[in-house]
Amino acid sequence: MATWNSRGLRGSTLEEFINRTNEKYLENGLALIQKVPTPITPINIDKATRHITLAYFDQKSTVDYIGAVQGIPVCFDAKECNTDTFPLQNIHEHQVVFMENFEKQRGIAFFLISFTARDEFYYLRLAKLLEFWNRAKEGGRKSFRYEELEPEFFLPKSRGVLVPYLDTMQKDLAMRD
């Protein structure tokens, strides 16, 4: 059972960057994206500070973020990777199923991956993830390599936005038409 003090803060830097990006998008009237809280049950609470020091997750979470961009339903998950190989075990089957169902409802689902060693952000289309996912299910690699990714889906550096995913999302949408 995963606990909050063992793994709960992994990815918190990426999520903070995304939260700030989403605030900027909201200020500019471009998108309304919210962080989905993960339900937890506290085990230990520091009586002096009233902070939770140990907790467990009540249920499987689906995605980290959900909302709308210019009327388009959007959901995505944030992942960090400190090497050039991303293990698919970091993505759970229930997340993939949720995202597939989300897209069946005419939404758009994707992953934002931070390659921390390279200081790069990547927009992983659900369709591309499913290629890797199905390969693994058929007995192939249980991961994907940096070199296998689509170059046009690396996020450009931007002065005003920390994780500028909207333009890249437009590319994803254009591929569906």
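Which residue just after H4 takes a positive phi? The answer is in point 3, after some remarks on the chain as a whole.

1. The chain overall. This is a predicted model. Its secondary structure comes to 5 helices and 9 strands. Read from the N terminus, the order of elements is α-α-β-β-β-β-β-β-α-β-β-α-β-α. The chain has 177 residues, and 38% of them count as buried. The accessible surface comes to about 10,500 Å², with 51% of that area belonging to carbon and sulfur atoms. Among contacts between residues at least 6 apart in sequence, 64% join residues at least 24 apart.

2. Helix H4. This helix covers residues 126–137, which makes 12 residues. At 1.5 Å a residue it should span 16 Å, and its end C-alpha atoms are 16 Å apart, so expectation and model agree. The buried residues in H4 are Leu126, Lys128, Leu129, Leu130, Phe132, Trp133 and Ala136. These buried residues pack against one helix, H3 (93–104). They also pack against three strands: S7 (108–115), S8 (120–125) and S9 (143–145).

3. The end of H4, and the opening question. The residue just after H4 with a positive phi is Gly139, at about 95°. Positive phi values also turn up in residues other than glycine, and point 4 takes two of these.

4. Arg106 and Asp119. Arg106 has a phi near 70°, a positive value in a residue other than glycine. Its place is the loop between H3 and S7. Arg106 counts as exposed because its relative accessibility is 74%, and the cut-off for exposed is over 50%. Asp119 has a phi near 55°, again positive and again not in a glycine. Asp119 sits in the loop between S7 and S8. With a relative accessible area of 51%, Asp119 is exposed as well.

5. The second largest pocket. Asp119 is also one of the residues that line the second largest pocket. The volume of this pocket is about 150 Å³. Two neighbours of Asp119 in the sequence, Glu120 and Phe121, are in the lining too. The rest of the lining is Phe17, Phe154, Leu155, Pro156, Lys157, Ser158, Val161, Leu162 and Pro164. Sorted by class, the lining has 8 nonpolar, 1 polar and 3 charged residues.

6. Ser114 in strand S7. Is Ser114 buried or exposed? Ser114 lies in strand S7 and counts as buried, because its relative accessibility is 8%. Leaving aside neighbours within four places in sequence, Ser114 is in contact with Leu14, Lys79, Glu80, Cys81, Glu120 and Phe121. Glu120 and Phe121 were met above, in the lining of the second largest pocket.

7. Lys79 in strand S5. Lys79 is a charged residue by class, found in strand S5 (residues 72–81). Its relative accessible area is 13%, so Lys79 is buried. Beyond the neighbours within four places in sequence, Lys79 is in contact with Leu14, Phe86, Asn90, Ile91, Gln95, Phe111, Leu112, Ile113 and Ser114. Leu14 is thus a contact of Lys79 and a contact of Ser114. For Ile91, 12 residues from Lys79 along the chain, the separation of the C-alpha atoms is 8.7 Å.

8. Arg125 in strand S8. Which residues does Arg125 contact, leaving aside its neighbours within four places in sequence? They are Phe110, Glu150, Phe153, Asp172 and Met175. Arg125 is found in strand S8, one of the strands against which the buried residues of H4 pack. At 9% relative accessibility, Arg125 counts as buried, whereas Arg106 counts as exposed.

9. Ile33 in strand S1. Ile33 has its place in strand S1 (residues 31–35). It counts as buried because its relative accessibility is 10%, and buried means under 20%. Not counting residues up to four places away in sequence, Ile33 touches Asn22, Tyr65, Ile66, Gly67, Ala68, Val69, Val74, Phe76 and Tyr165. Of these, Val74 is 41 residues from Ile33 along the chain, and their C-alpha atoms are separated by 7.9 Å.

Key
Residues numbered from 1 in each chain as written. Predicted model: local features only at pLDDT ≥ 70, side-chain atom pairs only at ≥ 80, totals over all residues. Heavy atoms only, no water. 1 Å grid on protein atoms, 1.4 Å probe; cavity = no way out; pocket = protein on both sides within 12 Å on 5 of 7 lines; lining within 4 Å. Points joined across faces, edges and corners; volume = space filled by probe spheres on them. Helix = DSSP H or I, 4+ residues; strand = E, 2+ residues; numbered from the N terminus. Expected span 1.5 Å × (residues − 1). Buried < 20%, exposed > 50% of the residue type's maximum accessible area, 1.4 Å probe, protein only. Contact = heavy atoms within 4.5 Å. Areas by Shrake-Rupley, 256 points an atom, 1.4 Å probe, with all protein chains shown as cover.
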